Amino acid sequence: MGLMARWDEVPDSTPIAKEDLKGGEISTKRLYGLDSSITVAMRSAGYHSRPHIHNCEQLNYLAEGELWVFIVEKGYLLRQGDYFRVPHGAGHWAWNRGETRSVLIESHSPPLIGKPSVRAKSVGLFHQNEHGVPRDMPQTIFL
């Protein structure tokens with residue numbers, strides 16, 4: 001693909017199985033490099049994930065809507081324009097209690113592409129001569 005991709009070149013993905021959701025739907029677009037990934041995650045109204053962890057740090061920006069995020073036992077109500085961090089290995093889950101979708105820009109380091117089905121729908125941004133396999137590839141583990 002090279003070092004750049006356009007929105008329509010990145011496949012839509014539904015990275016969370018229905019049994020790992022308590023409600024709603026999620027659609028994502030994910031790109032990755034050697035040390036990090038970026039995901040645009042669009043959660044429907046009513047989206048509610050089960051608690052999960054991943055072995056990577058996650059930095060986030062809420063671009064649209066509102067979203068409750070629970071990290072360990074503390075809840076945070078995010079509104080458009082807010083940032084937050086999920087520490088490496090911290091149990092967390094999200095709930096869109098609003099009436100409109102939320103759009104969360106998620107950055108994971110190392111890249112959150114360990115699950116083959118997620119990696120298959122993700123786009124690696126690498127130069128022609130660059131070795132395009134991340135050193136570590138964590139995945140989401142539902143609790």
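Here is a short walk through this predicted model, from one aspartate to a strand and then to a pocket.

Let's start at D12, which sits in the segment before β1, the strand spanning 21-23. How accessible is D12? Its relative accessibility is 47%, so D12 counts as partly exposed, a class that lies between the buried limit of 20% and the exposed limit of 50%. Setting aside the neighbours within four places in sequence, D12 is in contact with S27, T28, K29 and K121. One of these partners, K29, also meets D12 through a polar contact, side chain to side chain, at 3.3 Å. For a sense of scale, look across to L143: D12 and L143 are separated by 131 residues in sequence and, C-alpha to C-alpha, by 25 Å in space.

Now follow the contact from D12 to T28. T28 belongs to strand β2, residues 26-32. With a relative accessible area of 3%, T28 falls under the 20% cut-off and is therefore buried. Beyond its neighbours within four places in sequence, T28 touches P11, D12, S13 and P15, and also T39, V40, A41 and M42.

Strand β2 leads us on to the largest pocket, since β2, β3 (37-43), β7 (66-71), β10 (92-95) and β11 (102-109) each supply at least two residues of its lining. This pocket holds about 390 Å³ of space. Its lining has 30 residues, and those nearest the centre are I16, H52, H54, L112 and T140. Which classes make up the lining? There are 14 nonpolar, eleven polar and five charged residues.

Note on methods. Residues numbered from 1 in each chain as written. Predicted model: local features only at pLDDT ≥ 70, side-chain atom pairs only at ≥ 80, totals over all residues. Heavy atoms only, no water. Helix = DSSP H or I, 4+ residues; strand = E, 2+ residues; numbered from the N terminus. Buried < 20%, exposed > 50% of the residue type's maximum accessible area, 1.4 Å probe, protein only. Contact = heavy atoms within 4.5 Å. Polar contact = N/O pair within 3.5 Å; in protein donor to acceptor, adjacent residues only side chain to side chain. 1 Å grid on protein atoms, 1.4 Å probe; cavity = no way out; pocket = protein on both sides within 12 Å on 5 of 7 lines; lining within 4 Å. Points joined across faces, edges and corners; volume = space filled by probe spheres on them. Nonpolar A, V, L, I, M, F, W, Y, C, P; charged D, E, K, R; others polar.
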